[in-house]
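The text below walks through one protein structure. It begins with a pair of charged side chains and then moves on to the rest of the chain.

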Amino acid sequence: MEILLRNIPPEGLDLDFKADPSNLGLLEEGIRFEGSIHVQLSVSKQQEMVFITGRTETQLLLECGRCLKKFPCPLNLGIQAEYLSARSLPAQEERELKPEERDAIFYSGDTIQFNDLIREQIILATPMHPLCAPGCLGLCPR
């Protein structure tokens, strides 16, 4: 998903769309999905800063780390990000970032791409050792 900065009105912009996991490069990460990813974003702009808030909902199909049973795992994630224009940085080769710049995502050009943000949030929220149930006993030794 990509948005032109000039298309963001002063009152902001609300986006509601479904994203295909294969377009976000998530299938290559070994993450399986049941359906698409529902994304709701609010985008606002203030000079060179673009603020993103919203939610993403999807259902993963995971394999239990103990019994190897496949089970659905719903994800409902909050998204919050600040994009800062790379043009706003001085043309010095090396400098320390200001505190407000440390968490910002830098963009260049007239568009902002949201795919990496959504992809990153889903990867970070995917359990490393998924369990089908907290009391799962695992595979039977016999």
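In this predicted model, Lys70 and Glu63 form a salt bridge, with 3.3 Å between the closest N and O atoms. Lys70 is exposed, at a relative accessible area of 53%, while Glu63 counts as partly exposed at 40%. A search of the whole structure finds one salt bridge.

The chain around this pair can be described by its secondary structure. The protein has one helix and eight strands. Read from the N terminus, the order is β-β-β-β-β-β-β-β-α, so the eight strands come before the helix under the numbering used for these elements. The protein has 142 residues, and 33% of them count as buried. Its accessible surface is about 9300 Å², with 49% of that belonging to carbon and sulfur atoms. Contacts can also be sorted by how far apart the partners are in sequence. Taking the contacts between residues at least 6 apart, 57% join residues that are at least 24 apart.

Next comes the interior. In soluble globular proteins, nonpolar side chains tend to be buried together. The largest nonpolar core here has 34 residues, and the members that touch the most others are Val50, Ile52, Tyr83 and Phe114. Two or more core residues come from each of strand S2 (13-19), strand S4 (37-46), strand S5 (49-63), strand S6 (70-85) and helix H1 (115-125). Strand S6 gives the largest share, seven residues.

Val50 shows what surrounds one of these core members. Apart from its neighbours within four places in sequence, Val50 is in contact with Leu5, Ile8, Val43, Ser44, Lys45, Ala81, Glu82, Tyr83, Tyr107 and Ile112. Tyr83 is thus both a contact of Val50 and one of the core residues that touch the most other members.

How do the rings of Tyr83 and Phe114 lie relative to each other? A pair of aromatic rings is described by the distance of the centres and the angle of the planes. The structure holds one aromatic pair. The ring centres of Tyr83 and Phe114 are 6.3 Å apart and the planes stand at 85°, so the pair is edge-to-face. This pair links distant parts of the chain: Tyr83 lies in strand S6, whereas Phe114 lies in the loop between strand S8 (111-113) and H1, 31 residues apart. Both rings belong to buried residues, with Tyr83 at 4% relative accessibility and Phe114 at 0%.

Strand S6 also holds Ser85. Ser85 is buried, with a relative accessible area of 1%. Leaving out residues within four places in sequence, the contacts of Ser85 are Glu48, Phe106 and Tyr107. Tyr107 also appears among the contacts of Val50.

Another residue of strand S6 is Pro72. Pro72 is partly exposed, at 45% relative accessible area. Setting aside neighbours within four places in sequence, Pro72 is in contact with Glu34, Gln59, Leu60 and Leu61. The C-alpha atoms of Pro72 and Cys132 are 8.4 Å apart, although 60 residues separate the two along the chain.

Cys132 leads to the cysteines. A disulfide is a covalent bond between the sulfur atoms of two cysteines. How many disulfides does the structure hold? The count is zero. Cys132 is in no disulfide, and the nearest cysteine sulfur, that of Cys67, is 3.7 Å away. That distance does not qualify because a disulfide needs the sulfur atoms within 2.5 Å. Cys132 counts as partly exposed, at 28% relative accessibility. Cys136 is likewise in no disulfide, and the nearest cysteine sulfur to Cys136, again that of Cys67, is 3.7 Å away. Cys136 is buried, with a relative accessible area of 11%.

Arg66 also belongs to this part of the account. Arg66 sits in the loop between S5 and S6 and is partly exposed, with a relative accessible area of 39%. Not counting residues up to four places away in sequence, Arg66 touches Leu131, Pro134, Cys136, Gly138 and Leu139. The C-alpha atoms of Arg66 and Cys132 are separated by 8.4 Å, with the two residues 66 apart along the chain.

How values were computed
Residues numbered from 1 in each chain as written. Predicted model: local features only at pLDDT ≥ 70, side-chain atom pairs only at ≥ 80, totals over all residues. Heavy atoms only, no water. Helix = DSSP H or I, 4+ residues; strand = E, 2+ residues; numbered from the N terminus. Buried < 20%, exposed > 50% of the residue type's maximum accessible area, 1.4 Å probe, protein only. Contact = heavy atoms within 4.5 Å. Areas by Shrake-Rupley, 256 points an atom, 1.4 Å probe, with all protein chains shown as cover. Salt bridge = Lys/Arg side-chain N within 4 Å of Asp/Glu carboxyl O. Core = buried A, V, L, I, M, F, W, Y, C linked by side-chain atoms within 4.5 Å. Phe/Tyr/Trp six-rings, centres within 6.5 Å; stacked < 30°, edge-to-face > 60°.
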